[in-house]
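Colleague: I'd like to go through this model with you and hear the reasoning behind the labels. Can we take them one at a time?

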Amino acid sequence: DWETTKQQHGDHATPILMPRTDRQRRADALVAIFETAATNTGGGRLADPVVNLTIDHDQFEQYLREQLDGTPVNINPATVLDRRCETIDGVPVDPRQAVALAIVGQVRRIVINTAGVVTDAGRLRRLFTGALREALIALSPRCIWLGCTIRAVVSQIDHLQPHTDGGLTDAANAAIACQHHNLFKHKHRYTTQRQPDGTWQIIRPNGTQLHTPDAA
């Protein structure tokens, strides 16, 4: 635009005489970026979309056997509320669709026990990263601190037993905690404990349990 303006106005050229405003130039540049990205693959392969589905192990196996050899699915009605087959945002998915995607698509499997704990993830390391972090976030939608509503995707992964005290960086020693409550816990020497049913207890330094509404 500036070169065109100089050709048209010579020594009298000023930015105000340019054919497009600054906002128009930036908008056109953004459109050009998107058009280039949409039409030019660079000779490479476009990335596949990734959707994380979480399903309990027993349900997955039953629906898989149904597809493989016709064995009828036999889900105990008393355990319906404990079953999971959903996206990371909690959108329900038909278990048969989940099994079909496992057969024909690319699936990241997250194996959990009856308390909702990942049972087979991780190698020894200091930070929760990669697939292990994604799996933990998929299972815990928000900070575990009572009364806290901070989403897991913007939270941290806390070591239940501190790493400095020998705590392992694995799923059994992990919990979702927002930055505020993660720092608060370690600074004031609170502890968090996962119960057999998957719920959480927060323990004060004096050994008493934290309860709502004084938790947040």
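Modeller: Sure. Keep in mind that this is a predicted model. For a start, residues 24 or more positions apart account for 51% of the contacts in the chain with a separation of 6 or more.

Colleague: What pattern does the chain follow along the sequence?

Modeller: Read from the start, the pattern is α-α-β-α-β-α-α-β-β-α-β-β, with six helices and six strands in the chain.

Colleague: And how much of the chain is buried?

Modeller: Buried residues make up 28% of the 216 residues. The accessible surface of the chain comes to about 14600 Å², and 54% of that belongs to carbon and sulfur atoms.

Colleague: On to charges. What makes Glu 61 and Arg 65 a salt bridge?

Modeller: The rule asks for a side-chain nitrogen of Lys or Arg within 4 Å of a carboxyl oxygen of Asp or Glu. Here the N to O distance is 3.9 Å, so the pair meets the cut-off and gets the name. Both residues sit in helix 3 (residues 57-69), four residues apart, which is about one turn of the helix.

Colleague: Why is Glu 61 called partly exposed?

Modeller: Partly exposed covers what falls between the buried limit of under 20% and the exposed limit of over 50%. Glu 61 has 32% relative accessibility, so it counts as partly exposed. Arg 65, at 36%, therefore gets that label too.

Colleague: How do you know that Arg 96 and Glu 66 pair up?

Modeller: Their side chains meet with 2.9 Å from N to O, and the limit is 4 Å, so this is a salt bridge. The pair links distant parts of the chain: Arg 96 is in helix 4 (residues 95-104) and Glu 66 in helix 3, 30 residues apart. Arg 96 is partly exposed, with a relative accessible area of 39%.

Colleague: What about Asp 158 and Lys 185: what makes them a salt bridge?

Modeller: Their closest N and O atoms are 2.5 Å apart, which is within 4 Å, so the name fits. Asp 158 lies in strand 3 (residues 156-159) and Lys 185 in helix 6 (residues 179-187), so the pair ties together parts that are 27 residues apart in sequence.

Colleague: Is this pair buried or exposed, and why?

Modeller: Buried means under 20% relative accessible area. Asp 158 has 4%, so it counts as buried. Lys 185 has 3%, so the label is buried there as well.

Colleague: Which residues does Lys 185 touch?

Modeller: Leaving out residues up to four places away in sequence, Lys 185 touches Trp 145, Asp 158, His 159, Leu 160, Tyr 190, Thr 191 and Thr 192.

Colleague: How many salt bridges does the rule give?

Modeller: The count comes to eight.

Colleague: Last one. What makes Leu 30, Ile 33 and Phe 34 a nonpolar patch?

Modeller: A nonpolar patch takes residues with over 30% relative accessible area and no salt bridge, with their nonpolar side chains joined within 5 Å. Leu 30, Ile 33 and Phe 34 form such a patch on the surface, with about 330 Å² of accessible area together. Ile 33, which is in helix 2 (residues 22-39), has a relative accessible area of 52%. The exposed label needs over 50%, so Ile 33 is exposed.

Key
Residues are numbered from 1 along each chain as its sequence is written. This is a predicted model: local features need pLDDT of at least 70, side-chain atom pairs count only at pLDDT 80 or more; totals for chains, interfaces and linings use all residues. Side-chain values use heavy atoms; hydrogens and water are left out. Helices (H or I, at least four residues) and strands (E, at least two) are DSSP runs, numbered from the N terminus. Buried means under 20% relative accessible area, exposed over 50%, partly exposed in between (1.4 Å probe, protein chains only). Patches are made of residues with over 30% relative accessible area and no salt bridge: like charges are joined within 9 Å, nonpolar side chains (Val, Leu, Ile, Met, Phe, Trp, Tyr) within 5 Å. Accessible areas come from the Shrake-Rupley method with a 1.4 Å probe; for residues, only the protein chains shown count as cover. Contact means heavy atoms within 4.5 Å.
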